[in-house]
Amino acid sequence: MEYQKKNFLESLRGHKPDHVPFWFMRQAGRYLPEYRELRAQAGSFLNMAYNPDLACEITMQPIRRFQMDAAIIFSDILVIPHALGQNLEFVQGEGPKLNALRTAQEFSSLNFTNFEKTLTPVYEALSKTKTALQTEGYGGTSLIGFCGAPWTVACYMVEGGGSKDYLNVKKLAYSDPEGFQRLIDLLVESSAQYLINQISAGADAVQIFDSWAGVLDSHSFQKWVVKPTRQMVDLIRDTYPDVPIIGFPRCAGQNYLSYVQDTGVNAVGLDPSVDTKWAARTLQPLVAVQGNLDPICLFAGGDSMIMAAEKIIGDLTAAGQGGNFVFNLGHGINKDTPVENVEQLVKFIKEYKL
Ligand code: CP3
């Protein structure tokens with residue numbers, strides 16, 4: 001098999017890539033007709049996520065269309081609470097539903113009894129995808145494993161699903177910090193183990209999604225975002241010191257800097273609100289940055305999308321020769337995004353001369 005340079009990994013390590021490496025959060029999903037077709041057959045989202053053949057197939061779908069520099073394994077951040085024994089259901093059109101655990105007392109039902117058994121299909125999906133990338137000729141495409149960060153996963157566990165104001169989880173964190181810490185500790189340990197196992201199964205890099213990092217005051221941000229992420233990074237590095245770890249503290253604002261300085265991640269995902277010139281000056285000398293086109297700008301398409309992408313790439317490749325940068329969206333692709341817009345954006349990124 002001919003060796004193909006992995007530009008995504010090269011850039012994360014600060015080396016010059018041959019071209020601008022790119023992938024998109026939620027690149028496998030409902031905006032793709034071939035995904036919707038499989039989803040209709042499979043019945044439920046979890047049936048797909050826990051079926052290694054289907055998860056591998058869905059992971060490959062966007063790669064076959066767009067030849068991204070990285071494939072992200074098709075799964076979800078909520079498999080961790082599920083593997084720890086919390087009920088989980090994805091109701092079509094409504095998002096995830098869990099039985100809300102509102103007190104430290106209620107967390108004591110969580111345990112590791114079925115943890116590895118539940119997650120084994122995810123590891124199998126990673127090994128299958130690793131093989132599929134090679135055999136289908138995408139040897140230059142890296143494979144990303146992922147999990148949710150302890151804070152964000154705790155939000156779903158305590159609220160029982162999405163939330164507008166995170167009232168229950170924040171109330172618990174403020175009123176019973178010791179009890180809440182036990183939940184966070186459990187999530188640090190289980191999530192780090194999960195990422196280590198994903199690397200063993202073939203992941204070349206891992207991403208920690210902290211989608212709700214932006215709802216915390218800055219003292220709580222240190223306590224519930226930075227510290228647990230640091231602990232996870234240390235645990236992963238004990239086993240795999242050289243595998244890049246990407247953190248995504250969405251909407252962290254000014255806290256992005258301390259996140260980068262204090263967690264030890266190799267790269268950071270930027271949400272659309274982060275000024276790319278600021279990121280180039282402040283964050284990029286410390287870590288690789290990934291981002292940050294507004295997914296709704298992709299949804300809208302046209303010239304304004306190309307201009308926005310050009311500015312992001314220009315700002316974040318200005319300092320060096322294009323290393324330390326991976327193009328991405330600032331959040332996941334919207335499900336109603338026209339595929340033609342994705343095609344147009346991908347064409348622009350691929351033709352960009354570094
Ligand atoms: O990026 C990828 O292509 C990999 C797969 C992936 C999914 N979820 C598949 C999915 C990843 C990386 C995630 C992460 C995830 N899941 C996050 C963090 C990133 C973010 O978006 O902030 C969060 C918060 C979740 C929790 C979750 N899962 C929600 C809130 C929902 C419902 C909302 C929605 O978009 O439908 C899901 C379901 C989900 N996870 C779908 C997919 C493709 C849709 C399921 C379907 O087909 O109905």
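This section describes the ligand site and a β-hairpin in a predicted model.

The ligand occupies the largest pocket. Its surroundings comprise 22 residues, of which Arg26, Arg30, Tyr35, Asp76 and Ser211 approach nearest. Classified by residue type, this shell contains 13 nonpolar residues, together with five polar and four charged ones. Among the secondary-structure elements, helix α2 (33-42) and strand β3 each contribute at least two residues to the shell.

Polar contacts to oxygen atoms of the ligand involve both backbone and side-chain atoms of the protein. A polar backbone atom of Arg26 is placed 2.6 Å from an oxygen atom of the ligand. At Ala28, a backbone N or O atom is found 3.1 Å from a ligand oxygen. Tyr35, by contrast, is engaged through its side chain, an N or O atom of which lies 2.6 Å from an oxygen atom of the ligand. On its own, the ligand has 870 Å² of accessible area, and 88% of this is covered by the protein.

Strand β3, which supplies at least two shell residues, also belongs to a hairpin with strand β2. The two strands, spanning residues 88-91 (β2) and 95-98 (β3), are paired in the antiparallel sense over four bridges. One bridge joins Val91 to Gly95 of β3. Three residues separate the strands of the hairpin, in which Gly93 adopts a positive phi near 85°.

Key
Residues are numbered from 1 along each chain as its sequence is written. This is a predicted model: local features need pLDDT of at least 70, side-chain atom pairs count only at pLDDT 80 or more; totals for chains, interfaces and linings use all residues. Side-chain values use heavy atoms; hydrogens and water are left out. Two strands pair if DSSP finds at least two bridges between them. A residue is near a molecule or strand if one of its heavy atoms lies within 4 Å of it. A polar contact is a pair of N or O atoms within 3.5 Å; within protein, one must be able to donate a hydrogen and the other to accept it, and residues adjacent in sequence count only if both atoms are side-chain atoms. Accessible areas come from the Shrake-Rupley method with a 1.4 Å probe; for residues, only the protein chains shown count as cover. On a 1 Å grid over the protein atoms alone, a cavity is a set of points where a 1.4 Å probe fits but cannot get out, and a pocket is an open set with protein on both sides within 12 Å along at least five of seven lines; lining residues have an atom within 4 Å of a point. A molecule sits in a cavity or pocket if more than half of its atoms lie within 2 Å of its grid points. Ala, Val, Leu, Ile, Met, Phe, Trp, Tyr, Cys and Pro count as nonpolar, Asp, Glu, Lys and Arg as charged, and the others, Gly among them, as polar.
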